[in-house]
Amino acid sequence: MQTTFAVTWNGFVGAWTIGALAGGGALFAAFSAPFWVAGYGLAKDTLKMFKEDTLEIGPTSFTIGSGDDVNEGFTVDLGAVGVKTSMIVNGEPQTVLSIDHGVNRYEFGAGLSFTEQQWLAEEIRAFLKDTPILPPPSF
């Protein structure tokens with residue numbers, strides 16, 4: 001649904017801008033600039049849904065991220081793990097997985113269903129509880 005809206009929005013704005021350039025000139029077409037900015041935001045949010053999230057947790061360290069935004073740390077510092085509502089769209093909660101690491105909170109898994117997010121959160125909690133977590137290596 002979000003993809004369809006983003007494509008429709010940008011297609012309409014593009015057609016309007018072309019018509020404005022053809023009929024009224026560059027000054028008239030410049031009024032479409034805020035709509036292009038909104039379209040950019042829609043497209044960026046839509047493309048985020050298709051990024052691959054990475055999560056690796058071992059006895060001493062972890063890696064979490066999406067695309068070029070990858071974070072690493074020590075497993076012993078991981079805190080609360082759960083499913084969080086990131087926003088409400090048309091009365092429907094949009095949820096993500098959330099892992100606390102000190103003062104940072106990493107959110108991922110927006111493309112998963114709520115049931116999958118709950119299952120994965122429980123698996124992560126079980127791993128952290130059952131695996132002997134080793135202290136960080138001395139430097």
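Which residues form a nonpolar patch on the surface, and about how much accessible area do they have together?

## A nonpolar patch on the surface

In this structure, which is a predicted model, the residues in question are Phe12, Trp16, Phe28 and Phe31, and together they have about 480 Å² of accessible area. One of these four, Phe31, is found in the loop between helix H2, which covers residues 26–29, and helix H3, which covers residues 33–48. Phe31 has a relative accessible area of 56%, and it is classed as exposed because the cut-off for that word is over 50%.

## Ser32 and Ala20

Ser32 also belongs to the loop between H2 and H3, but with a relative accessibility of 3% this serine counts as buried. The side chain of Ser32 reaches the backbone oxygen of Ala29 at a distance of 2.7 Å. When neighbours within four places in sequence are left aside, Ser32 is in contact with Val13, Trp16 and Thr17, and Trp16 is one of the residues of the surface patch described above.

Ala20 is part of helix H1, which runs over residues 2–23, and this alanine is buried, with a relative accessible area of 3%. Leaving aside neighbours within four places in sequence, Ala20 is in contact with Gly25, Phe28 and Ala29. Phe28 is a member of the surface patch, while Ala29 is the residue whose backbone oxygen is reached by the side chain of Ser32. A longer view along the chain is given by Ala20 and Leu134, which are 114 residues apart in sequence and whose C-alpha atoms are separated by 64 Å.

## The largest nonpolar core

The largest nonpolar core has eleven residues in all, namely Phe62, Ile64, Leu78, Val81, Leu97, Ile99, Tyr106, Phe108, Ala121, Ile124 and Leu128. At least two residues of this core come from each of the following elements: strand S2 (61–66), strand S4 (78–89), strand S5 (92–101), strand S6 (104–108) and helix H4 (114–130). Helix H4 gives the most to the core, with three residues.

Ala121, which is a member of this core, touches Val81, Gly82, Val83 and Leu97, if residues up to four places away in sequence are not counted. Leu120 is placed in helix H4, and with a relative accessibility of 22% this leucine counts as partly exposed. Leaving aside neighbours within four places in sequence, Leu120 is in contact with Leu97, Phe108 and Leu112, and of these residues Leu97 and Phe108 are listed in the core. Leu120 and Gly109 are eleven residues apart in sequence, and their C-alpha atoms are 9.4 Å apart in space.

## Three salt bridges

A search of the whole structure finds three salt bridges. In one of them Glu107 pairs with Lys84, and the closest N and O atoms are 2.4 Å apart. Glu107 lies in strand S6 and Lys84 in strand S4, so this pair ties together parts that are 23 residues apart in sequence. Both partners count as partly exposed, Glu107 with a relative accessible area of 38% and Lys84 with a relative accessibility of 31%.

Another salt bridge joins Arg105 to Asp100, with 2.7 Å between the closest N and O atoms. Here Arg105 is partly exposed, with a relative accessible area of 48%, whereas Asp100, at 17% relative accessibility, counts as buried. The side chains of Arg125 and Glu122 also meet in a salt bridge, at 2.8 Å from N to O, and because these residues are three places apart in helix H4, they are separated by about one helical turn. Arg125 is partly exposed at 34%, and Glu122 is partly exposed at 44%.

## A buried threonine in a loop

Thr75 lies in the loop between strand S3, which covers residues 69–74, and strand S4. How buried or exposed is Thr75? Its relative accessible area is 3%, so Thr75 is buried.

A polar atom of the Thr75 side chain lies 2.7 Å from the backbone oxygen of Gly58, and the backbone oxygen of Ser61 lies 3.1 Å from a polar atom of the same side chain. Leaving aside neighbours within four places in sequence, Thr75 is in contact with Ile57, Gly58, Pro59, Thr60, Ser61, Phe62, Leu128 and Ile133. Among these contacts, Phe62 and Leu128 are also members of the largest nonpolar core.

Note on methods: Residues numbered from 1 in each chain as written. Predicted model: local features only at pLDDT ≥ 70, side-chain atom pairs only at ≥ 80, totals over all residues. Heavy atoms only, no water. Patch = residues over 30% accessible without salt bridge, like charges linked within 9 Å, V, L, I, M, F, W, Y side chains within 5 Å. Areas by Shrake-Rupley, 256 points an atom, 1.4 Å probe, with all protein chains shown as cover. Helix = DSSP H or I, 4+ residues; strand = E, 2+ residues; numbered from the N terminus. Buried < 20%, exposed > 50% of the residue type's maximum accessible area, 1.4 Å probe, protein only. Core = buried A, V, L, I, M, F, W, Y, C linked by side-chain atoms within 4.5 Å. Contact = heavy atoms within 4.5 Å. Polar contact = N/O pair within 3.5 Å; in protein donor to acceptor, adjacent residues only side chain to side chain.
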